[in-house]
Amino acid sequence: MTVLTGMYAAEAEYLAAGGPGRASFQLLAPFFAPCVVLHQADGLPYGGTWHGHEGMERFFLAMSRTWQSFDLLEQHFLATGETTVVHTRVHARARATGRELTFPILQTVTITDGRIGEVHPFYWDTAAIADACGLPEA
């Protein structure tokens with residue numbers, strides 16, 4: 001729990017400092033293992049697998065290009081330990097369309113040696129997110 005609450009606090013500080021391209025990723029780096037892997041659903045504007053600290057930096061850039069705002073409204077830690085399950089309710093505004101959505105994300109987060117080693121986010125409706133972001137249908 002300590003690494004996750006620390007990471008979410010660092011993420012808030014990172015975004016408040018200007019986020020990707022403006023703030024230093026070094027605010028977040030201590031919370032992620034050097035070989036961290038983030039798996040995003042392919043149907044999302046930032047879909048794919050992101051590797052290491054460089055991949056996480058590129059992911060945050062892709063997120064900031066996609067979303068004008070991405071606010072975590074509620075967060076519940078459903079299971080804790082080596083693998084943690086986090087349920088988050090998000091309210092976001094897409095840059096391309098200005099459309100707003102509120103949606104849940106369920107993530108499994110694997111902690112390795114006190115750092116985040118792997119993240120699997122599961123979105124309720126990736127098609128609705130892609131549509132709000134102005135992506136053409138697959």
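**A guided walk through a predicted model**

Guide: Gln68 touches Arg93, Ala94 and Arg95, leaving aside residues up to four places away in sequence. The model we are looking at is predicted.

Visitor: What makes these residues count as touching Gln68?

Guide: A contact needs heavy atoms within 4.5 Å, and Arg93, Ala94 and Arg95 are the residues listed as touching Gln68.

Visitor: Where is Gln68 found?

Guide: Gln68 is in strand S3. The C-alpha atoms of Gln68 and Ala96 are separated by 8.7 Å, with these positions 28 residues apart along the chain counted as their distance apart.

Visitor: Why is Gln68 called partly exposed?

Guide: Its relative accessibility is 48%. Partly exposed covers the range between 20% and 50%, so Gln68 at 48% belongs there.

Visitor: Arg93 was among the contacts of Gln68. Which residue does Arg93 meet in a salt bridge?

Guide: The side chain of Arg93 meets that of Glu100, at 2.6 Å from N to O.

Visitor: What makes Glu100 and Arg93 a salt bridge?

Guide: The cut-off is 4 Å between a side-chain nitrogen of Lys or Arg and a carboxyl oxygen of Asp or Glu. Glu100 and Arg93 stand at 2.6 Å, so they qualify. Both partners are partly exposed, Glu100 at 40% and Arg93 at 29%.

Visitor: How many salt bridges does a search of the whole structure find?

Guide: There are 3. Another one joins Arg89 and Glu74, with the closest N and O atoms 2.9 Å apart. That value is within 4 Å, so the name fits here too.

Visitor: Why can we say that the pair Arg89 and Glu74 ties parts together?

Guide: Arg89 lies in strand S4 and Glu74 in strand S3, so the pair connects parts that are 15 residues apart in sequence. Arg89 is partly exposed at 33%, and Glu74 is partly exposed at 35%.

Visitor: What about Asp131 and Arg99, and what makes them a salt bridge?

Guide: Their side chains meet at 2.7 Å, N to O. Since the limit is 4 Å, the pair counts. Asp131 sits in helix H3 and Arg99 in the loop between S4 and S5, so this pair links distant parts of the chain, 32 residues apart. Asp131 has 45% relative accessibility and Arg99 has 36%, and either value lies between 20% and 50%, which means partly exposed.

Visitor: Let us turn to a residue of another kind. Is Phe59 buried or exposed, and how do you know?

Guide: Phe59 has a relative accessible area of 7%. Buried means under 20%, so Phe59 is buried. Phe59 is found in helix H2 and touches Leu38, Gln40, Tyr46 and Trp50, not counting residues up to four places away in sequence.

Visitor: Is Ala23 buried or exposed?

Guide: Ala23 is buried: its 14% is under the 20% cut-off. Ala23 lies in the loop between H1 and S1.

Visitor: Why is Asp113 placed in its accessibility class?

Guide: Its relative accessible area is 78%. Anything over 50% is called exposed, so Asp113 is exposed. Asp113 is in the loop between S5 and S6, and has a positive phi of about 50° although it is not a glycine.

Visitor: How do you know that the span of helix H1 agrees with what it should be?

Guide: Helix H1 has 15 residues, and at 1.5 Å a residue they should span 21 Å. The end C-alpha atoms are 21 Å apart, so the two values agree.

Visitor: Which residues of H1 are buried?

Guide: They are Val3, Leu4, Gly6, Met7, Tyr8, Ala10, Glu11 and Tyr14. The buried residues of H1 pack against several elements, among them S1, H2 and S3.

Visitor: What is the volume of the largest pocket?

Guide: The volume is about 750 Å³. Of the 34 residues lining the largest pocket, the closest to its centre are Glu11, Leu15, Phe60, Met63 and Phe70. S3 gives the most to this lining, with 7 residues.

Visitor: How do the residues of that lining divide?

Guide: The lining of the largest pocket has 22 nonpolar, 9 polar and 3 charged residues. Glu counts as charged, so Glu11, a lining residue, belongs to the charged group.

Definitions and conventions. Residues are numbered from 1 along each chain as its sequence is written. This is a predicted model: local features need pLDDT of at least 70, side-chain atom pairs count only at pLDDT 80 or more; totals for chains, interfaces and linings use all residues. Side-chain values use heavy atoms; hydrogens and water are left out. Helices (H or I, at least four residues) and strands (E, at least two) are DSSP runs, numbered from the N terminus. The expected span of a helix is 1.5 Å times one less than its number of residues. Buried means under 20% relative accessible area, exposed over 50%, partly exposed in between (1.4 Å probe, protein chains only). On a 1 Å grid over the protein atoms alone, a cavity is a set of points where a 1.4 Å probe fits but cannot get out, and a pocket is an open set with protein on both sides within 12 Å along at least five of seven lines; lining residues have an atom within 4 Å of a point. Grid points are joined across faces, edges and corners, and a volume is the space filled by probe spheres set on the points.
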